[in-house]
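Me: I'd like to learn how to read a structure like this one. Can you take me through it, feature by feature?

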Amino acid sequence: MSVTYNDNAGIRRIEVLGLLDQEEERSALAEAVHPSGWVRCEVSFYDARTLPAAAVDALAGVLWSGRALKIHAYHTYLAHFLLRLGLPAVTVPSHSMRDAQAATRAVVLGGSAESLDKIIHIVERLPLSDATVFIVQHVLEDEENHLDRLLRSRTDYTVVMPHHLMEIQPATIYIAPPGHHLKVAHGRVYLTRDRKVQYARPSLDVLFESVAHEYGEHAMAVLLCGFGQDGVKGMATLKAKGATVIVEESSDCVDAHVLPDHGRASGHYDHAFHRQEIAAFLAAALVGRERQPSSTLVDLLLEALYVRYGYDFRGYQRGTVERRLDKLARLRGNHDFFELVRELLAEPESFERLFLELSINVTAFFRHPHQFRLLRERVLPYLDSFPRVKIWSAGCSTGEEVYSLAVLLDELGMLEKSQIFATDINRYVLEEAKGGLFPREKLDEDRANYREGGGETNDVFLHDNGLYLEIEPRYRRHILFHHHSLAQDGVFNEFQLILCRNVMIYFHPRLQRRVTELFAKSLHRDGFLMLGPSDALPHDEGERYFTPYAEREKVYRWK
């Protein structure tokens, strides 16, 4: 991290690289914004998506000193965060520098050892289109190739083992027969018995180079698992002619990673993908420029994103996912589904935007006050009989819920013996929650919720500094924030009270069942589970583990 600044004509310009997650970094920013002769301050944040409370206070100090402040954020999330807190931030727009992809007319798959299952996996997932698919797999010349028979039952494409001078047809898969090089030229298939290339016949190089000349930028080629270097030279020709070249990630190959290793070392490729990513990428490329994605294509994309980034959105409600994908496409200026897929898989920042769109954060202090009144009057007094009380807020968002719980426990005299575990899939909202800073614009709503929920102490837990609200620091000592995915992670403690409000509504029934079982394993036998007013337990798992305690307030106990 570095904080640099210069002064010119009464303006101090500060540039900040890094995340400001260390004390010395926050001190450097505080020193840079300290008034010293300038009247206007402009701060540019290049990497940060959110800021710790100390950094926000340092920026607010510029305004409190009567000086002008302008903040340039290179990430939209940071700009929104600062604007919510009353700080003048603008987003520096970014645009993809990629050219539009030419329509795909040919797909080439090539590999040798360990490539069979990869070929089948990819072909099974290719949507029927007018494109032509060519496949070369290294096999012994005296060995019969059964790939055509294996594929016919797995695809709607016509699958053929071609003969010499066969005319190339759309929606057809052509497989190189043993002992013959497969070439394409002038709309026909050419089979030759020319000398072996890199000890191979059929050769990947031969097919790659002929496809490069025949289809140019309208071709996509994939180098799969194998040994040797056959195909590496052909990759260079494909790239020179404008084709898209993909190399399978070597970690997909148990032993036969030599070929993709050589392919990557050559530098003549566009992407290195796992087979799930390859399938999603090729499928999206074949659907056409204007078509809306089918449910199958969205499934392939979510599978690919899970493999690439480790975040599992496969169990989310499909309508929610599709709306967020459409919104992201419009924000990025993408005109078709494939361009969006290409950006999501190739550019982590694009995936980050989708992730932030999918991790929905709608919250408020004492939100749904009738539920907090039930906690105040019945649930927490019962739990007061425990020597220690552990509470889990699953999907805590920006922290209003957990701080509301801390206030409620404090008013009941239970705070000192209680520990609140606050988790969310979104690391950025966790950082915001740790900071304990909140927008002033919702103060009236927060106060109304507090009073309706039975509060009587005049909400002294929030301090209004004129720009934003700050939570009373002592409440933070009883809250532990952790990154946790309900879709992927497991049990990490036993709790007397679990709150997961307005989260499960966004999940597919399969994921709802998984989460319900997770809560059942995490809840003390005398504990309580509270869902949001819009949530519901799945009938099978819900009835197996839980019985209603207060139906209107969506509170359940062990059955």
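Reply: Sure, and keep in mind that this is a predicted model. Let's begin with a helix and a ruler: helix α10 covers residues 295-309, and at 1.5 Å a residue its 15 residues should span 21 Å. The end C-alpha atoms of α10 are 21 Å apart, so the expected span and the model agree.

Me: Which residues of α10 are buried?

Reply: The general idea comes from the helix repeat: with 3.6 residues a turn, residues three or four places apart point the same way. In α10 the buried set is L297, V298, L300, L301, L302, A304 and L305. Their cover includes α9 (275-286), α11 (318-332), α12 (337-346) and α13 (348-358). Right after α10 you meet G310, with a positive phi near 85 degrees.

Me: Let's stay with α11. Is R318 buried or exposed?

Reply: For a call like that, look at relative accessibility, where under 20% means buried. R318 sits in helix α11, and it counts as buried because its relative accessibility is 18%. Leaving out residues up to four places away in sequence, R318 touches S295, V298, D299 and L302. V298 and L302 are also among the buried residues of α10.

Me: How do α11 and α12 lie relative to each other?

Reply: You want the angle between the two axes, and 65 to 115 degrees counts as roughly perpendicular. The axes of α11 and α12 cross at roughly 90 degrees and come within 10 Å, so this pair is roughly perpendicular. On the α11 side the contact uses L325, L328, A329 and R332, and these meet L340, E343 and L344 of α12. Sorted by class, that contact of α11 with α12 has 5 nonpolar residues, 2 charged ones and no polar ones.

Me: And at what angle do α11 and α13 pack?

Reply: At about 135 degrees, with the axes 10 Å apart. That makes α11 and α13 oblique to each other, because the angle falls outside the parallel, antiparallel and perpendicular ranges. The crossing of α11 past α13 is right-handed. From α11, the contact takes in T320, V321, R324, L325, K327, L328, L331 and R332, while α13 supplies S350, R353, L354, E357 and L358. By class, the contact of α11 with α13 has 6 nonpolar, 2 polar and 5 charged residues.

Me: Can we try the ruler on another helix? What should α18 span?

Reply: Helix α18 (residues 509-522) has 14 residues, so at 1.5 Å a residue it should span 20 Å, and its end C-alpha atoms are indeed 20 Å apart. Its buried residues are L511, Q512, V515, T516, L518, F519, A520 and S522. They pack against strands β15 (389-394), β21 (495-500), β22 (523-531), β23 (546-550) and β24 (555-558), plus helix α19 (539-545).

Me: What about a strand residue: what does Q137 touch?

Reply: Q137 is in strand β7 (residues 132-137), and at 10% relative accessibility it counts as buried. Beyond residues up to four places away in sequence, Q137 touches G111, S112, S115, L116, I119, N145, L147 and P202.

Me: Now zoom out. How many helices and strands does the protein chain have?

Reply: There are 19 helices and 24 strands. The C-alpha trace spans about 90 × 70 × 40 Å along its principal axes, and 56% of the 559 residues are buried. Among contacts between residues at least 6 apart in sequence, 73% join residues at least 24 apart.

Technical notes
Residues numbered from 1 in each chain as written. Predicted model: local features only at pLDDT ≥ 70, side-chain atom pairs only at ≥ 80, totals over all residues. Heavy atoms only, no water. Helix = DSSP H or I, 4+ residues; strand = E, 2+ residues; numbered from the N terminus. Expected span 1.5 Å × (residues − 1). Buried < 20%, exposed > 50% of the residue type's maximum accessible area, 1.4 Å probe, protein only. Contact = heavy atoms within 4.5 Å. Axes fitted to C-alpha atoms, helices over the stretch in contact; angles between N-to-C directions. Parallel < 35°, antiparallel > 145°, perpendicular 65-115°, else oblique. Left-handed = near helix turned anticlockwise from the far one by under 90°. Nonpolar A, V, L, I, M, F, W, Y, C, P; charged D, E, K, R; others polar.
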